[in-house]
Amino acid sequence: MIQFTVYGNPQALKRHRTVKAGKFMQQYDPSATDKQDFLAKVMEHRPEKPLAKPLQVIMSFSFSRPKSHYGTGKNSGKLKANAPVTHISRPDVDNLAKFVLDALNGVYWKDDSVICSMTIDKTYSEVPKTTVNIYELE
């Protein structure tokens, strides 16, 4: 099992962009730098060589709470009773997962086609973070 946590608000994959340069069309990845930064933070946990066996990946994305989840005045540090636990606004869970999968591709596993099972959740937390657990399946 490989497990790691990256602190800070989770990143979502941004769509590739196409730009016209004269009569040529050029595509670029606006998430490229963010993916490199994410990978640099987790390199110490990487396997010796990319995994090629079937994998299960469990990802948990925790976002910081907006100020509206907290009381005002003397209750300013207290969480409201109706504050949600789950995060149901943007970014979408599939874009969060795709960002992590793309960032780790070729380093943690030979190709993301070896991932056979995924569990993903997004919640609110006092400490924003991305947690990833990777298991080899039999």
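Student: Let's start with Ala103. Which element does Ala103 lie in?

Tutor: Ala103 lies in helix 2. Keep in mind as we go that this is a predicted model.

Student: Is Ala103 buried or exposed, and how do I decide?

Tutor: You look at relative accessible area, and buried means under 20%. Ala103 has 5% relative accessibility, so it counts as buried.

Student: What does Ala103 touch, leaving out residues up to four places away in sequence?

Tutor: Ala103 touches Lys35, Phe38 and Leu39. Take Phe38 as an example: Ala103 and Phe38 are 65 residues apart in sequence, yet their C-alpha atoms are 6.8 Å apart in space.

Student: And Asp102? Where is it, and how exposed is it?

Tutor: Asp102 is in helix 2 too. Its relative accessible area is 23%, which means that Asp102 is partly exposed. Setting aside neighbours within four places in sequence, Asp102 is in contact with Leu13, Lys35 and Asp112. You can also check Asp102 against Leu39: they are 63 residues apart in sequence and 9.7 Å apart in space, C-alpha to C-alpha.

Student: Let's zoom out to the helix itself. How many residues does helix 2 have, and what should they span?

Tutor: Count 1.5 Å a residue, and the twelve residues of helix 2 should span 16 Å. The end C-alpha atoms of helix 2 are 17 Å apart, which agrees.

Student: Which residues of helix 2 are buried?

Tutor: The buried ones are Asn95, Leu96, Ala97, Phe99, Val100, Leu101, Ala103 and Leu104. They pack against strand 1, helix 1, strand 4, strand 5 and strand 6.

Student: What follows helix 2?

Tutor: Helix 2 is followed by Gly106, and the phi of Gly106 is positive, near 85°.

Student: Now helix 1. How do I read the faces of a helix?

Tutor: Here's the general idea: an α-helix has 3.6 residues a turn, so residues three or four places apart point the same way. In this structure, the buried residues of helix 1 are Lys35, Phe38, Leu39 and Val42. Look down the axis of helix 1 and its buried residues fall within an arc of 95°, so they line one face of the helix.

Student: Which exposed residues sit on the face of helix 1 turned away from the buried side?

Tutor: That face carries Gln36, Ala40 and Lys41, which are exposed. As for the buried residues of helix 1, what covers them includes strand 1, helix 2 and strand 6.

Student: Sheets next. How do I read the pairing of strands?

Tutor: In general, strands of a sheet pair through backbone hydrogen bonds, either parallel or antiparallel. Here, four strands form an open sheet in the order 1-6-4-5, with mixed pairing.

Student: Which strands stand at the edges?

Tutor: Strand 1 (2–7) and strand 5 (115–125) do. Each has a single partner strand, so one side of each is left without a neighbour in the sheet. From one strand to the next, the twist averages 10°.

Student: In which sense does strand 4 pair with strand 6, parallel or antiparallel?

Tutor: Strand 4 (residues 55–64) and strand 6 (residues 129–136) pair in the antiparallel sense, over eight bridges. To find the register, look for Met59, which stands opposite Val132 in strand 6. Ser62 is another handy marker, opposite Lys129 in strand 6.

Student: Where do the helices come in?

Tutor: Helix 1 (residues 32–42) packs on the sheet and touches strand 1 and strand 6. The direction of helix 1 makes about 125° with that of strand 1. Helix 2 (residues 93–104) packs on the sheet as well, touching strand 1, strand 4, strand 5 and strand 6, and its direction makes about 120° with that of strand 4.

Student: In which sense do strand 4 and strand 5 pair, parallel or antiparallel?

Tutor: Strand 4 and strand 5 pair in the parallel sense over ten bridges. Phe61 stands opposite Lys122 in strand 5, and Phe63 stands opposite Tyr124 in strand 5. Now trace the chain from strand 4 through helix 2 to strand 5: this β-α-β crossover is right-handed.

Student: What do strand 2 and strand 3 form?

Tutor: They form a hairpin with two residues between them, and Gly22 in the turn has a positive phi of about 70°. Strand 2 (residues 17–21) and strand 3 pair in the antiparallel sense over five bridges, with Val19 opposite Gln26 in strand 3.

Student: How many residues of strand 3 are buried?

Tutor: Zero of the five residues of strand 3 (residues 24–28) are buried, so strand 3 lies largely in the open.

Methods:
Residues numbered from 1 in each chain as written. Predicted model: local features only at pLDDT ≥ 70, side-chain atom pairs only at ≥ 80, totals over all residues. Heavy atoms only, no water. Pairing = 2+ DSSP bridges. Axes fitted to C-alpha atoms, helices over the stretch in contact; angles between N-to-C directions. Contact = heavy atoms within 4.5 Å. Right-handed = clockwise from strand over helix to strand, strands pointing away. Buried < 20%, exposed > 50% of the residue type's maximum accessible area, 1.4 Å probe, protein only. Arc of directions from axis to C-beta. Expected span 1.5 Å × (residues − 1).
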